[in-house]
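Reader: Please take one part of this model, the surroundings of its paired aromatic rings, and go through it closely. I would like to see how that spot connects to the strands and the core around it.

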Amino acid sequence: MSLFKEQLAKDAQAVFFNPNEFGGLHTIEGRQMVIVIDNDELRERQANSTNPDDGIHDAEILFYVKREDFQQRPAIDSWLSLDGKQYRVAFAQEDEVSYTIALKATGS
């Protein structure tokens, strides 16, 4: 891993996913983990999206989670439980450190 990527991972752990900074403790699939909910980013993506089928249009929650907290990137349209409520994965993207996941309500 390059020095830049190592520093990025350290910064993500120390600042971005820190519960005293941006992160918050939530329960996903029965496991507590620190995530960063960013619905401002969701609204911005929805406003800038030109593809109604990209999953962002139907999403109601967008969050970031450390890749190490998930075994793999969740599949689009799979079920995911967040804080006891069931959602469908509308969008999932990965980078070096984290996943960006958008969830849509299931109607129930």
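Author: A residue is called buried when its relative accessible area is under 20%, exposed when over 50%, and partly exposed in between (1.4 Å probe, protein chains only). The model is a predicted one, in which local features need pLDDT of at least 70 and side-chain atom pairs count only at pLDDT 80 or more, while totals for chains, interfaces and linings use all residues. Residues are numbered from 1 along each chain as its sequence is written, and side-chain values use heavy atoms, with hydrogens and water left out.

The structure holds 1 aromatic pair (ring centres within 6.5 Å; planes under 30 degrees apart are stacked, over 60 edge-to-face, the rest tilted; for Trp, the six-membered ring). Its members are Phe70 and Tyr99, and the pair is edge-to-face because the planes stand at 80°, with the centres 6.1 Å apart. Distant parts of the chain are linked in this way: Phe70 belongs to the loop between β3 and β4, Tyr99 to strand β6, and 29 residues separate them. Helices (H or I, at least four residues) and strands (E, at least two) are DSSP runs numbered from the N terminus. Both rings belong to buried residues: the relative accessible area is 14% for Phe70 and 5% for Tyr99.

Beyond its neighbours within four places in sequence, Phe70 is in contact (heavy atoms within 4.5 Å) with Ile28, Met33, Val65, Leu80, Tyr99 and Ile101. Phe70 is also one of the residues that touch the most other members of the largest nonpolar core (buried Ala, Val, Leu, Ile, Met, Phe, Trp, Tyr and Cys joined through side-chain atoms within 4.5 Å). That core has 15 residues, and Ile28, Phe63, Val65, Leu82, Ile101 and Leu103 are listed with Phe70 in this respect. At least two core residues come from each of β2 (31-37), β3 (61-66), β4 (79-82), β5 (85-94) and β6 (98-105). Another core lies apart from this one; it has 12 residues, including Val34, Val36, Ala59 and Tyr64.

The strand that carries Tyr99 deserves its own description. In β6, 6 of the 8 residues are buried, so the strand is largely enclosed by the rest of the structure. β6 pairs with β3 in the antiparallel sense over 6 bridges (at least two DSSP bridges are needed for strands to pair). Within that pairing, Ile101 of β6 is the bridge partner of Phe63. β5 and β6 also run antiparallel, joined by 7 bridges. The two form a hairpin with 3 residues between them, and Arg88 stands opposite Lys104 of β6.

Two further residues show what lies around Ile28 and Leu82. Ser81, in strand β4, is buried at a relative accessible area of 14%. Not counting residues up to four places away in sequence, Ser81 touches Thr27, Ile28, Glu29 and Gln86. His26 lies in strand β1 (residues 24-28). With the same exclusion of residues up to four places away, His26 touches Arg31, Gln32, Met33, Ile35, Ile37, Leu82 and Asp83. Its side chain also makes a polar contact with the side chain of Asp83 at 2.6 Å (N or O atoms within 3.5 Å, one able to donate a hydrogen and the other to accept it; residues adjacent in sequence count only if both atoms are side-chain atoms).

A residue outside this setting can serve as a contrast: Asp53, in the loop between α2 (39-48) and β3, is exposed, with a relative accessible area of 72%.
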